[in-house]
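I set out to look up the surroundings of the ligand and two points of backbone geometry. The entries are kept in the order of reading.

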Amino acid sequence: MCGIVGYIGQNDTKEILLKGLEKLEYRGYDSAGIAVMNENGVHVFKEKGRIAVLREAVDSTLASSVGIGHTRWATHGVPSKVNAHPHQSESERFTLVHNGVIENYSRLKREYLPDVELKSETDTEVVVQLLEGFVNDGMEIEEAFRHTLSLLKGSYAIALLDKENKETIYVAKSKSPLLVGLGDNFNVVASDAMAMLQVTDQYVEIMDKEIVLVSEQSVTIKNLKGEVIERAPYTAELDASDIEKGTYPHYMLKEIDEQPLVIRKIIQQYQDENGKLTIADDIVDAVNSADRIYIIAAGTSYHAGLVGKQFIEKMAKVPVEVHVASEFSYNMPLLSENPLFVFISQSGETADSRSVLVQIKEHGYKSLTITNVPGSTLSREADYTLLLHAGPEIAVASTKAYTAQLAVLSILGAVAAEARGIASEFDLSQELGIIANGMEVLCDAKEEMEQIARDFLSTTRNCFFIGRAVDYYVGLEGALKLKEISYIQAEGFAGGELKHGTIALIEEGTPIIALATQEHVNLSIRGNVKEVVARGANPCIISMKGLEEEDDAYVLPVVHELLTPLVAVIPLQLISYYAALHRDCDVDKPRNLAKSVTVE
Ligand code: M6R
């Protein structure tokens, strides 16, 4: 979602900001802008659409040593030049960019700014106008900033310029992510480290409700009372080459191809010196002392949770419930006496999940975050973290993070089982190795997958995924992948549920992608396929070797039956990729979507 960058130093500010915004493109946005300040004042450039359009609009001769930039994902007001950030106060003294949602902006406008005519439809503009109002009333800038923040309800990450103090960027956050990056004779602000990796790998975390004064030579963090807080920087362990596409046409394809490597890396990262899979004792104790695990997640991570439940219950015999984060807060089930909450989130920043974490922490419940981003909000705020080690995932459609989540959940299940004295029926390291090899075979089958996409999806307006048992959950993920990048209406169903309603939708030629990787339900799912074929459907069956039948569209390499989702999902990712490509869709940045969903 919205992304923020800021720079103060002697280099080409506008170029650093634009490059930073390009690195944040993956988060999803619909307009962008920068503001740079020099002796002649503040110069604001903003445009609807891509950064490339903004780049064209920026005066390339403009010199400046301080500026802020923003990519906007519309929440309040349509995507447009006027609603794009930065926003300025009435006198144009203050210029501000914001990520998050100010829930009480209408009330603030009514109460404090009855006579101010807002230029945009955004919640953000209220913040900058409020601030100017308090300064006009006689407050010093820092006090006015703090006072403004104290009135905001909702979430925010803010970077602010003051025309009368060109030596400082004022920064604050609450619930939305924001970091300060440190350099030699310059400092930066960024929604995530990737944006500014071009200039620094040294970052300082900002905590909620702090304000930070960023100047060329210093970074001063203050708490609500104005007391200075010391905090050591950390090194962002990101390899700049990880966030480049290389020779790939799209990040999504690159990330699909990286999956075998990621699985091997996970095996390595979770092995001890004797090659035994291991997880920190306190995490295993937390799992094993819980009477029930509550997995909280959204989107693809939720689908990983559904499969993870199978792993943990079957291996460690601990009961698991899986919940959609956005529903959990107000739809909380009756909790068990000693629950453990497991948050699954690629980005570690998903606001819906974070809101549950805040809520359950108030009750004193223990929490574990499984994430790809060390230092992310969900990681920092949970009691424990397990990392995915998948490397940055840039495409909005999650692929390698999903299989990494499954691999880490399987390890959690296996290690917890062992600690409970439950003998394993298989060697998980070895099975994950077999999976990595199988994934390679699948990644090499791109031509077949492209053909399947052509045969089944070129002209269709909808597509159904069916499966039974764990295949049902993989079908849900396949449907999400297809709909989010190709805009084909796609839904996943449990094979047995079709006859209870969905079968009414089957028409001549409706594509049905059926998964058949589970021996105990193979005949039943094939029966479901027959039912839809009898009503005109065009079936594409993806089966596991050993269970295949003559007309199956693709046969997966054999892996352990419990772990089939790790391979079965790959054809679905590739088919979705090619279906989107054939429809000329923007594969990496699908419409209306954001990579990091930082508003509730
Ligand atoms: O970063 P998270 O894993 O918490 O994100 C959750 C969802 O927003 C995410 O998985 C989304 O569904 C993906 N775009 C799906 O590909």
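The entries below record the ligand site and then the backbone.

I note that this is a predicted model, in which local features need pLDDT of at least 70, side-chain atom pairs count only at pLDDT 80 or more, and totals for chains, interfaces and linings use all residues. Residues are numbered from 1 along each chain as its sequence is written, and side-chain values use heavy atoms, with hydrogens and water left out.

**Ligand shell.** I looked up the residues around the ligand (a heavy atom within 4 Å). There are 15, of which Ser301, Ser345, Ser347, Thr350 and Glu484 come nearest. I recorded that α10 (299-316) and α17 (470-486) each give at least two shell residues, helices being DSSP runs of H or I, at least four residues, and strands runs of E, at least two, numbered from the N terminus.

**Polar contacts.** I checked N or O pairs within 3.5 Å. A side-chain N or O atom of Ser301 is 2.6 Å from a ligand oxygen. For Ser345, a polar side-chain atom is likewise 2.6 Å from an oxygen atom of the ligand. Gln346 contributes a backbone N or O atom, 2.7 Å from a ligand oxygen.

**Backbone.** I found a cis peptide bond from His85 to Pro86, with omega near 0°. Pro86 belongs to the loop between β4 (66-72) and β5 (87-88). I also noted Lys209, a residue other than glycine, with a positive phi near 75°. Lys209 lies in the loop between β11 (202-205) and β12 (211-214).

How values were computed
A polar contact is a pair of N or O atoms within 3.5 Å; within protein, one must be able to donate a hydrogen and the other to accept it, and residues adjacent in sequence count only if both atoms are side-chain atoms.
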